[in-house]
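Open the model in a viewer and keep the selection panel at hand. The stops below go from one helix outward to the rest of the chain.

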Amino acid sequence: PIPVILDCDPGHDDAFNILLAAAHPAVELLGITTVAGNQTVEKTTLNARRVCTAAGIGGVPIAAGMAGPLRGPRITAPDIHGESGLDGPGFGAPAVPVDGRDAVTFLRDTLRAHPVPVTLVPTGPLTNIAAFLLAHPELADRIERIVLMGGSTGRGNRTPAAEFNILADPEAADTVFRSGLHLTMIGLNVSHRALATPEVVARVHVLGTPLAAVCAELLTYFGDTYREVFGFPAPPLHDPLTVAHLVAPDLVALVHAPVAIELTGTHTRGATVVDLDGVTGARPNAYVGVDVDVEAYWDLIVDAVRTLG
Ligand code: BDR
Ligand code: CA
């Protein structure tokens, strides 16, 4: 299996990525690090513990990370994910602990100790990953690759130009995209094709387990906010496209392209400027998602809930 660390801000769609990574036999889930994003890091850390508890995921360390971006103000997304960051279902007290180490220390220890290079899967602002790369450049070769959800080849969501995860910490994103590491970016241009329609929610619900009920409630809440805020007919399940791509490499179509992060634009800070046509002559630095096999994606998600349930 592929050794993976998830770096996330759960978050309804992050929650499903945890489930997929824990359930799929092709993944060895070494740990979960959390970051401020959809909500404060205290809340996203609690939510990671809630998800693991609800899904019976034990023995996976959860380490809390950065409380805000490298530079600039912290932004959160209560309009989309609620005050808790994971509104909708009721959760009991979490039964899994928090690792005593901060995320950067956890990454350092785990990458040093693991016998083969590890794949990092960030699905929130890139603050933890950038902080790690800046603090431990000597461990960059212990990273096999980074597969992240963020950005877009087209429009943003938090601003017309910028996607939330990149806008929440553009300097961190810039650090990651300039790192020279093997980078795969799956953004809104792909995730907005993966809408959890009522048929998908019904496929989850009919599994009939307590976990399936929690998952159906998460999708329903997420659907309600996406309808209210963006007028979407159903919610896009952005983040699990990352692990889905890892376990089923043909599921997301990719192109190799130069990607730059806009840091200074008057109206475009946090934009991912993707040179799909090669007009800049810059060297490609990322594999960029451009399409997804939606049916195969929902099969993976439903199978994960079934497996854990
Ligand atoms: C991203 O922003 C967050 O709200 C989601 O969890 C996802 O990672 C989509 O723009
Ligand atoms: Ca997220």
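Start by selecting helix H7, residues 170-177. This is a predicted model. The buried residues of H7 pack against helix H5 (127-135) and H6, and also against four strands: E5 (143-149), E6 (183-186), E8 (259-261) and E10 (286-292). Six of the eight residues in H7 are buried, leaving the helix mostly covered. To show the buried positions, pick Pro170, Ala172, Ala173, Thr175, Val176 and Phe177.

Next, zoom out to the whole chain. Colouring by secondary structure brings up 12 helices and 10 strands. The C-alpha trace spans about 55 × 45 × 35 Å along its principal axes. Is the radius of gyration what a compact globule of 309 residues would have, or what else does the chain show? The chain has 18 Å, and a compact globule of this length would be near 19 Å, so the two agree. Buried residues make up 53% of the 309. Among contacts with a separation of 6 or more, 82% join residues 24 or more positions apart.

Now select residues 4-299. UniProt, in an unreviewed entry, lists this range as "domain: Inosine/uridine-preferring nucleoside hydrolase". Over the range the chain is 37% helix and 17% strand, and the C-alpha atoms at its two ends are 21 Å apart.

Move to the interior. The largest nonpolar core holds 97 residues. Those with the most contacts inside this core are Val4, Ile18, Leu19, Leu20, Ala21, Ile129 and Ile301. Helix H1 gives the most to the core, with eight residues. Take Leu20 from that list and display its surroundings: beyond residues up to four places away in sequence, Leu20 touches Pro240, Val243, Ala244, Leu300, Ile301 and Ala304.

Go on to ligand 1. Which residues come nearest to ligand 1? Of the 15 around the ligand, they are Gly11, Asp13, Ala77, Phe164 and His238. By class, the shell has four nonpolar, seven polar and four charged residues. Two helices, H1 (12-23) and H6 (164-167), each supply at least two residues of the shell.

Stay at the ligand and select Asp13, which is found in helix H1. Is Asp13 buried or exposed? Asp13 counts as buried because 27 C-beta neighbours lie inside 10 Å, the threshold being 20 or more. Leaving out residues up to four places away in sequence, Asp13 touches Leu237, His238, Asp239 and Pro240. For a long-range pair, draw a distance from Asp13 to Leu219: the C-alpha atoms are 8.5 Å apart, while the residues are 206 apart in sequence.

Finish at Pro1, in the segment before strand E1 (2-8). Why does Pro1 count as exposed? Pro1 has 10 other C-beta atoms within 10 Å, and 12 or fewer makes a residue exposed. Apart from neighbours within four places in sequence, Pro1 is in contact with Pro25, Ala26, Val27 and Glu28. One last distance to draw runs from Pro1 to Val247, 9.3 Å from C-alpha to C-alpha, with their positions 246 residues apart in sequence.

Terms used:
Residues are numbered from 1 along each chain as its sequence is written. Chains are lettered from A and ligands numbered from 1 in the order in which they are written. This is a predicted model: local features need pLDDT of at least 70, side-chain atom pairs count only at pLDDT 80 or more; totals for chains, interfaces and linings use all residues. A residue is near a molecule or strand if its C-beta atom, placed from the backbone, lies within 6 Å of it. Ala, Val, Leu, Ile, Met, Phe, Trp, Tyr, Cys and Pro count as nonpolar, Asp, Glu, Lys and Arg as charged, and the others, Gly among them, as polar. UniProt positions are given in the numbering used here, feature names are shortened, and annotations may be inferred rather than shown by experiment. A nonpolar core is a set of buried Ala, Val, Leu, Ile, Met, Phe, Trp, Tyr and Cys residues joined through C-beta atoms within 7 Å. Two residues are in contact if their C-beta atoms, placed from the backbone, lie within 7 Å. The radius of gyration is taken over C-alpha atoms; the globule rule is 2.2 Å times the number of residues to the power 0.38.
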